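Work through the exercises below with the model open. Try each task before reading its solution.

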Amino acid sequence: MSTNAFTDDPLTPSRSIPIETANDVVSTLETCLGPLDLKVYMEAHNNTMLAGLSHPFTLVDSGSDLADLLDLVRNDILVVAGSGYTTTAHQVSRGGLTVVPDFETQQERFWDLVGTNSVMKWGEASGGKRDCEVVQEMYESGRLKSAALLQELGVVEEKKGRLAGAVASLRTYLGNSGQ
């Protein structure tokens, strides 16, 4: 996350979430869902970039992009800027809610088509524009989609295991019968 208020800061990227937006979105989410364990994932950060973030947070930058991505996808609420990195996190996250930029392009549909998280735009999640009941329903819907997918995958894995066992038994039978 960065703020554009510091024009002399060479590390003020346009790819990040504006601090004002982040504060609004997090406030709405906390009002609707309760206290959050806020984590900020950012490499090459400095204090200027995070100045103005009014919520307690943990900064995550282990030095390993992969380790940070694996940690990021374990979160059930993602507030993202739309980079390829956060798009990947949305696609493989464990289910919940992803809050994305206010895209006005075809990219907007992409977020709804991939992953199990429900999708809400920054503008919808800031300034109390969404009723808390809707925010809660969207969050729960993402969690339920994820649970259903994991259950389905478990059933598939169980069937694959049974099939592998049947194939092994058949091979043993055929091997013992001389065929």
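**Exercise 1: a helix pair**

Task: determine the handedness of the crossing of H3 and H4, and list the residues that make the contact.

Solution. This is a predicted model. Start with the crossing: H3 passes H4 in a right-handed way. Next, find the residues in contact. H3 contributes Asp-65, Asp-68, Leu-69 and Leu-72. H4 contributes Tyr-85, Thr-88 and Ala-89. Last, sort them by character: four are nonpolar, one is polar and two are charged.

**Exercise 2: packing geometry**

Task: classify the packing of H3 and H4 by angle.

Solution. Two packed helices are described by the angle between their axes and the distance between the axes. Take H3 as residues 65-72 and H4 as residues 84-92. Their angle is about 45 degrees, and their axes lie 9 Å apart. Roughly parallel would need an angle under 35 degrees, and roughly perpendicular 65 to 115. H3 is therefore oblique to H4.

**Exercise 3: the chain**

Task: give the order of the elements from the N terminus on.

Solution. Count the elements: seven helices and five strands. Then read them in order: α-β-α-β-α-β-α-β-α-β-α-α. Now turn to burial. Of the 179 residues, 37% are buried.

**Exercise 4: confidence**

Task: where is the pLDDT below 50?

Solution. Begin with the whole chain. Its mean pLDDT is 76, and 75% of the residues reach 70 or more. Then look at residues 1-14: the pLDDT there is below 50. Beyond near neighbours in sequence, this stretch has 34 contacts in the model. Where pLDDT is low, the predicted coordinates should not be read in detail.

Technical notes. Residues are numbered from 1 along each chain as its sequence is written. This is a predicted model: local features need pLDDT of at least 70, side-chain atom pairs count only at pLDDT 80 or more; totals for chains, interfaces and linings use all residues. Side-chain values use heavy atoms; hydrogens and water are left out. Axes are lines fitted to C-alpha atoms, for helices over the stretch in contact, and angles run from 0 to 180 degrees between N-to-C directions. Helices (H or I, at least four residues) and strands (E, at least two) are DSSP runs, numbered from the N terminus. Angles under 35 degrees count as roughly parallel, over 145 as roughly antiparallel, 65 to 115 as roughly perpendicular and the rest as oblique. A crossing is left-handed if the near helix is turned anticlockwise from the far one by less than a right angle, and right-handed if clockwise. Contact means heavy atoms within 4.5 Å. Ala, Val, Leu, Ile, Met, Phe, Trp, Tyr, Cys and Pro count as nonpolar, Asp, Glu, Lys and Arg as charged, and the others, Gly among them, as polar. pLDDT is the predictor's confidence in each residue, from 0 to 100. Buried means under 20% relative accessible area, exposed over 50%, partly exposed in between (1.4 Å probe, protein chains only).
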